[in-house]
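User: Please take a close look at a single part of this model, the surroundings of the ligand. Then set that part against the rest of the chain.

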Amino acid sequence: MDTQLAVQARGLSKCFGDVVALDGVDLDLVQGQVHGLLGPNGAGKTTLLGLLLGLAVADSGALEILGMPVGRALPAPRGVAGFVDGPGLYPSLTARQNLAALAALRGQDARRTRIDDVLGEVGLSEVADDRARGFSLGMRQRLGLAAALLTEPRLLVLDEPANGLDPAGKKHVHSVLGRLAKEGTTVVLSSHRMDDLEALCSEVTILATGRVRFSGPLGKLAAESRELDYRLLTSDPEAARRLAAHTAGIRVLDDAGAWRGAEALVVRAPVPALDALVAGLVKVGIAVRELAPVVSPLEAAFLALTEQQGQREADR
Ligand SMILES: Nc1ncnc2c1ncn2[C@@H]1O[C@H](COP(=O)(O)OP(=O)(O)OP(=O)(O)O)[C@@H](O)[C@H]1O
């Protein structure tokens with residue numbers, strides 16, 4: 001196995017009765033990177049993360065985690081932590097007691113200072129002595145992350161960790177994950193939030209109906225996105241519209257819709273044509289006040305890749 005890889009999966013398949021949850025999945029997770037997993041509901045994300053956590057085994061295929069083969073008689077190695085379907089917590093214990101109990105169960109460092117440190121990192125210091133029973137979804141997610149941090153994992157596996165997080169909670173979680181990756185921990189997380197994935201991940205894997213549709217750096221995905229729709233706000237909308245209509249490679253769309261009404265222009269263009277349009281606008285003295293993709297490159301690729309799949313299935 002490549003020593004730079006924390007996870008190497010080849011041809012992983014997993015069925016539940018007639019349902020094929022994973023269908024020949026290959027996955028490489030580079031050490032010290034945050035890797036995002038995205039896909040429509042039922043794509044197989046939780047199933048895949050469950051295999052990485054050793055909660056289930058694949059029906060076929062090969063899986064190596066942290067340099068160790070994993071399979072029916074080969075449990076996930078030490079150094080893997082995380083949760084799927086929400087963290088397992090003791091509702092009647094406080095946040096601090098939960099962490100102490102989990103650490104004691106695992107024979108790990110249960111010193112109060114260490115527990116206070118991880119609670120602080122996830123932003124739960126103020127509720128350290130409150131019972132988990134009264135915790136919101138976002139607080140439970142953060143406590144689950146704190147429990148995983150206590151183990152000082154080399155591979156952290158999180159299923160939709162952003163669920164229920166308020167902006168402050170999100171900031172804590174993002175900063176913890178960034179810190180871990182910087183220190184060499186590999187993080188793999190699933191999310192339906194494209195903005196979170198774009199902010200956190202260097203690489204992503206897009207799954208649909210149990211198959212990998214794309215896996216690699218975000219930059220590669222953006223480069224592969226042929227054309228995107230962009231909203232353009234300028235100092236002279238009418239002149240900008242005329243110029244756009246005469247710029248090679250640009251298609252002016254008529255659905256600026258509710259977004260700033262007639263002031264705005266929506267154009268479909270590959271990046272070089274967009275560059276030419278912006279240069280042309282500036283040349284004739286039209287100021288570009290806003291220019292942004294209608295949906296991000298990640299979201300556009302996600303929609304394109306998963307819609308193609310849906311169309312193929314509908315055609316069968
Ligand atoms: N324990 C199980 N028993 C039966 N079917 C299951 C089980 N776990 C998952 N499945 C099925 O396997 C497929 C993949 O499910 P999975 O939960 O991995 O998808 P997901 O990508 O995590 O979806 P979501 O985004 O909705 O959480 C789905 O069709 C699901 O119904």
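Analyst: The ligand shell comes first, then the chain and its core. This is a predicted model, in which local features need pLDDT of at least 70, side-chain atom pairs count only at pLDDT 80 or more, and totals for chains, interfaces and linings use all residues. Residues are numbered from 1 along each chain as its sequence is written.

F16, V19, A21, G39, N41, G42, A43, G44, K45, T46 and T47 surround the ligand (near: C-beta atom, placed from the backbone, within 6 Å of the molecule). Helix α1 (45–52) and strand β2 (19–30) each supply at least two residues of this shell. The largest share, 3 residues, comes from α1. By class, the shell has 4 nonpolar, 6 polar and 1 charged residues. Here Ala, Val, Leu, Ile, Met, Phe, Trp, Tyr, Cys and Pro count as nonpolar, Asp, Glu, Lys and Arg as charged, and the others, Gly among them, as polar.

Now the chain. It holds 10 helices and 14 strands, which are DSSP runs numbered from the N terminus (helices: H or I, at least four residues; strands: E, at least two). Of its 316 residues, 37% count as buried (20 or more other C-beta atoms within 10 Å of the residue's own, with C-beta atoms placed from the backbone).

Last, the core. The largest nonpolar core has 85 residues, and L52 and A146 have the most contacts inside it. Such a core is a set of buried Ala, Val, Leu, Ile, Met, Phe, Trp, Tyr and Cys residues joined through C-beta atoms within 7 Å. Helix α4 (residues 137–150) gives this core its largest share, 8 residues.

Terms used: Buried ≥ 20, exposed ≤ 12 C-beta atoms within 10 Å, placed from the backbone.
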